[in-house]
Amino acid sequence: MRLALKQLSFQTTPMTRRSSDTSGSLASSVESSLRVEPLQFQENEREGPFNVYEDGDETGVYTSEDKKPTPSYYHKLLNRAKPEYITKHLDYASFKVVFRTWVQIWSSVIICVVPRSRTWVGPAAYLFQIIGFIAVSGGTSMVFNLAMSFMCMVYILIGWLHSIIALAISVKLRGNTSPQEYAESLIREGICTMENLEACTAADIYSGRHLQTRCTVIFIFAILSSMIIFGLSSRIHPTFRQGMICGIIAMLINVCYDVFYPVFLPLQVGLAVLKPMGLALALKVVCSMVVFPTTSNFRYVDGVLKHLKALEKACKGNSRFLSSCKPSEPNFGNYKKFARDIVGIRSKLPLLDLDALLSKYEITFGRFDAGSIGEMRSSLRNVISFSSSFEQYYQMFEERVDLANNNIRGLSRRRSSVGSSKFEDDGHSKLFATVHEHYRVVGEYEDKKRINLLRKRICNVDPQDRVTLLDIVHISELSSTLFTRFLETNTKSIADIIKWIEAANQFRIYSLLPKKWELHKEKQKEMNEVLVETRQTLLVAIKELGSTDKLIAAVKEFSKNEEVLLSLITHTCLLLYVTKQQTESILRLVDLLLSIDESTPTPKIFTFFGKSKRDKPRVRSHLNMDESPDDISTPNIDTGVQRRNPDALAPTSIFHYFGSKTIKIYKLLMNKHLWFWIRSGVLTCVCATPFFCRTTASWYHGNRLVWIVIMCGVSTSEYTGETIYVFYCKVVYSFFGCLLGMVMWYISTGNGRGNYYGYSAVTAVGYLYLTYYRHFSSHRALVPAILFAVTCSLVMGTSWVDGQYNHLANVGYGFHVAWLRFISVIIGLCVGFLASIIPKPSTSKVAIRKILAKVLSESANLHCAVSNFALNRVENSQVHLLDRHDLTVEKFRSVLIILAGISHLMTPIQFEVPLTGIWPEKLYKRLQNAVTDIIQLYFILLSIFNRVEDPATWIPHMLRRIGWTDTELCADLFAVAHMTSGSLSSKRELPKFTRANISLKHLDLLRSQWGITRFSLNERFYSEEKEKENEGDSDVLHDSLMENIDFNALFSADGQLDIVALIIGHLIYKRFDEVMLIVKQLVGEKYDMHESIFDVADDENDSLLRNSN
């Protein structure tokens, strides 16, 4: 059936045949002219199923993820009750992760149980298990555990240092009393005797009678200083959060206990905290080196395998979709599933980067050195990036189907995969429909102008020359026939790469076992032969993709009319470019692996001191994963423009210079992040206030209520939604953690004060369950998984310590410890909650809006960077992007990472109370997608300019085609970027009439360049003889298309790039138009001038002008 369609589609068909599938309507004046007869060979179309990406796509209409029915609360609760974090992780890989962490934590239990080691550790031995569950060693490499332990220890020491300094200052204010003098004074006053001096001294210190206001103020400043340092440094990278928590715990325990001391004894409390915390971190490192040790090198390669397997699955689905592609079917939107999978793969790439970075600083035995890891990282990113470009090919089909169906709609009602907002309250919409307020409609002028212009241009097109729905189906069928086999080849090549990497990553230290070495060498040779064959297959595929003779012959058979033929060429060239890019990126990865076979056919020892021939100087990106919107800039781009102060001229004296610097310092001090952590520190001091008062200090100390202060310090979040989520999680999971800890305690010892064997046995089983939960439970954040395990271990650890010891601060065991811990959590959370709502609530909605605004402004800078690179290539054809660590490319990737982080900021918004109205989630998702598309399209354009073989000839032509040589078009683009970013940042309305519809101006520009009357995105080159022959009559159909069209120019390497650049440039304009209308829907409009004035001022309606003529 497919062959019959192909043969029929290649025949020259009469101009009168048109598809009956065209649906929709235009104005009544146009409708009759577009009415056509059905095609006579329609019954020969191939049979379905169509547009199949994955199993289940054979029937039905495409449904986006957001429109799928959400499970009920009962089903959610049922799913939570299922221990899938255990049942789905009973494999060997999960066992290695869990067993290492379990050994780490249970070893600390044994240390606390043995009397001698327990006595040496001290009264804070319960910190052993707490730090163990916070900083688990399972699932990470040796060097990562070493680096994290070192970082956590640095934070702990910084916290201890603050306490030491505060204690030293307070003792100085008291007169530098020595411990001997203090003991003598106690004996002299009759409070203590020589027999009970040690116990009596401790009781006297913690009675609180030595507290002085002037001394406690010093400790308050110590808390503020350390909270600011910890909080601001945690923004460097998400991994610093773990160190911050350890530092806050150590600092608050030291400060709250050292404030009692009238003498300088920093080791008294400091060692009691440092011993268990330091030993816990040391156990973390030791277990990572002894129990199933892994290197970052191994973990990175293993992560690459997981990404390649996901990519292979996506590419297999894409190949399946292309082979069954039919744009006229309602389920054509299934291609968005491929885009979804690619986005999912790309979003996980930053997690691998840390292992790639750390692999250079470790000793490893394997086949991959640091340079190979860097090359693999770059090659993997290229394969994923070029694979994602297929989405643009399918989007072009989607837009052509709309035009063929006369489905002309404004961009404000653009087809979107984004479903209804989860923030919308559908249950109350009908009940309160009569009192709902609605915003006025915005963007009507731009939409009407767009629709009218498109309809006007369609009216100018002869119905015989239109591209019909059946033409589009034929084009997709021909493209599928020509390119599906290449996609299948690429998918198979990825599968072969996966097999090679799996074999190479297993060829490590265990291969030194008897008879293993030769087996691995045989496997390596076998995989090398497979990869050599794969390379040859890819080279043949690239050669066929580069040789356009067969493609031109196939296209020439499809000779219906000029516009249909040019549309076929456009789609074919776009698919050819994307397929070739993907194939070449896979070939580059294959070449890398084959070069590794030559350089390191067997494993070697690689150290930090070794060098690799693939090592290249690394350029550090100045952006981090928690980037502030105000810091998004392009410092690497040389610029001839400069920002000015509208209130002052440039500094002309030293006074002006120092004044400007002072203002900058003032603005830095007014940073919102700084003041948030100042507020957090103040609220933490409020919780610690009873420790600073004589009347309450002893009671607070005796009941171990320092956990109120700690819970307040570690529970502050900058955004209200996140704070509410953390509040909910900590209350719920603290309750269940206390409950589980209490049950475990009574199982282990009954009503006693603790049993060595029972405690060890129960924790061995219970902590194994908690370890599974800590590693594999699924939550929006790590807080529930960590807190559940930490609370349980705190109840168990505190009960054991207080049951076995006789301390001043003894709160008992079992139930008393559990309820005291739960009350501490509630009080600490309530106080910490105020940090995000005082002086005004801070919401991640503002952060999302400002990030999008800043990236929109930055997109104009990226436009300049791409254009400057194109000009540099025109002047010097040897200029190219660097294969690795190119500054411009790194900038693109950094901005894309920031945009991907918006999804993380959207999560806590659902926990915020909508006081004034529901958050427009759907609009922000559309805006995020549009801005991401703009950045990705600019990157594709950058790579196109980088690939041009004859830049002096072709790049100026490309710049002319995409409109970058037109001053007005560029000015309109910059105006849209500036207006939308400014309005989004300031929440100010946009003018009712704007410079939107840039995409239509681009079409008009192309129309004038080609000398035709209709809109078209199809590049055209004609032979010189025919151009002279038909000079002045370029809009008339040629008698013989094959003689007029210059196929050699169109299908040349640079000609194909020119066609793709034209499409990409137009898509950029269209996305900016969409951004303008989305931002209008967010901020509204102003300057209400009636649009009918433009019709009054039209030359056609001016009677005086007509009379004078």
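This section describes the overall make-up of a predicted model, followed by its helix packing, salt bridges, surface and cysteines.

The chain has 1109 residues, of which 54% count as buried. Its secondary structure comprises 45 helices and four strands. Contacts were considered at a sequence separation of 6 or more. Of these, 84% link residues 24 or more positions apart. The exposed area of the chain is about 51,000 Å². Carbon and sulfur atoms supply 58% of that area.

Helix α26 was examined in detail. It spans residues 672-688 and has 17 residues. From the first C-alpha to the last, α26 reaches 24 Å. This is close to the 24 Å expected at 1.5 Å a residue. Many side chains of α26 can be assigned to the interior. The buried residues are H673, L674, F676, W677, S680, G681, L683, T684, C685, C687 and A688. Their packing partners are helical segments from several parts of the chain. Two of them, α11 (213-233) and α12 (240-258), precede α26 in the numbering. Another is α25 (654-669). The buried residues of α26 also pack against α27 (694-702) and α28 (706-714). The list ends with α32 (815-833).

Helix α32 also carries R821. This arginine has 6% relative accessibility, so it counts as buried, the cut-off being under 20%. Beyond its neighbours within four places in sequence, R821 is in contact with W707, M711, C738, L787, T791 and L794. The contact with W707 can be described further. R821 and W707 are 114 residues apart along the chain. Their C-alpha atoms are separated by 7.5 Å.

The structure holds 26 salt bridges. Three are described here. In the pair D204 and R209, the side chains meet at 2.4 Å, N to O. D204 is buried, at 6% relative accessibility. R209 is partly exposed, at 36%.

A second salt bridge joins D341 to R340. The closest N and O atoms of this pair are 3.1 Å apart. Both residues fall in the partly exposed class: D341 has 25% relative accessibility, and R340 has a relative accessible area of 30%.

The third salt bridge pairs D597 with R367, at 2.4 Å from N to O. D597 lies in helix α24 (residues 562-599), and R367 lies in the loop between β1 (364-366) and α17 (370-387), so the pair ties together parts that are 230 residues apart in sequence. D597 is buried, with a relative accessible area of 7%. R367 is buried as well, at 2% relative accessibility. Elsewhere, salt bridges that share partners join E54, K337, R340 and D341 into one network. The R340 and D341 pair described above thus has a place in that network, because these two residues form a salt bridge as a side-chain nitrogen within 4 Å of a carboxyl oxygen.

The surface includes a nonpolar patch of about 470 Å². F735, F736, L739, V743 and I747 make up this patch. L739 is found in helix α29, which covers residues 720-749. The relative accessible area of L739 is 38%, so this residue is partly exposed.

A search of the whole structure finds one disulfide. It joins C192 to C200, with an S to S distance of 1.9 Å. The torsion about the S-S bond is about -80°, so the disulfide is left-handed. Both C192 and C200 are buried. By contrast, C152 is in no disulfide. The nearest cysteine sulfur to C152 belongs to C246 and is 4.0 Å away. A disulfide requires sulfur atoms within 2.5 Å, so this pair does not qualify. C152 is buried, with a relative accessible area of 0%. C287 is another buried cysteine, with a relative accessible area of 5%.

Conventions. Residues are numbered from 1 along each chain as its sequence is written. This is a predicted model: local features need pLDDT of at least 70, side-chain atom pairs count only at pLDDT 80 or more; totals for chains, interfaces and linings use all residues. Side-chain values use heavy atoms; hydrogens and water are left out. Helices (H or I, at least four residues) and strands (E, at least two) are DSSP runs, numbered from the N terminus. The expected span of a helix is 1.5 Å times one less than its number of residues. Buried means under 20% relative accessible area, exposed over 50%, partly exposed in between (1.4 Å probe, protein chains only). Contact means heavy atoms within 4.5 Å. Patches are made of residues with over 30% relative accessible area and no salt bridge: like charges are joined within 9 Å, nonpolar side chains (Val, Leu, Ile, Met, Phe, Trp, Tyr) within 5 Å. Accessible areas come from the Shrake-Rupley method with a 1.4 Å probe; for residues, only the protein chains shown count as cover.
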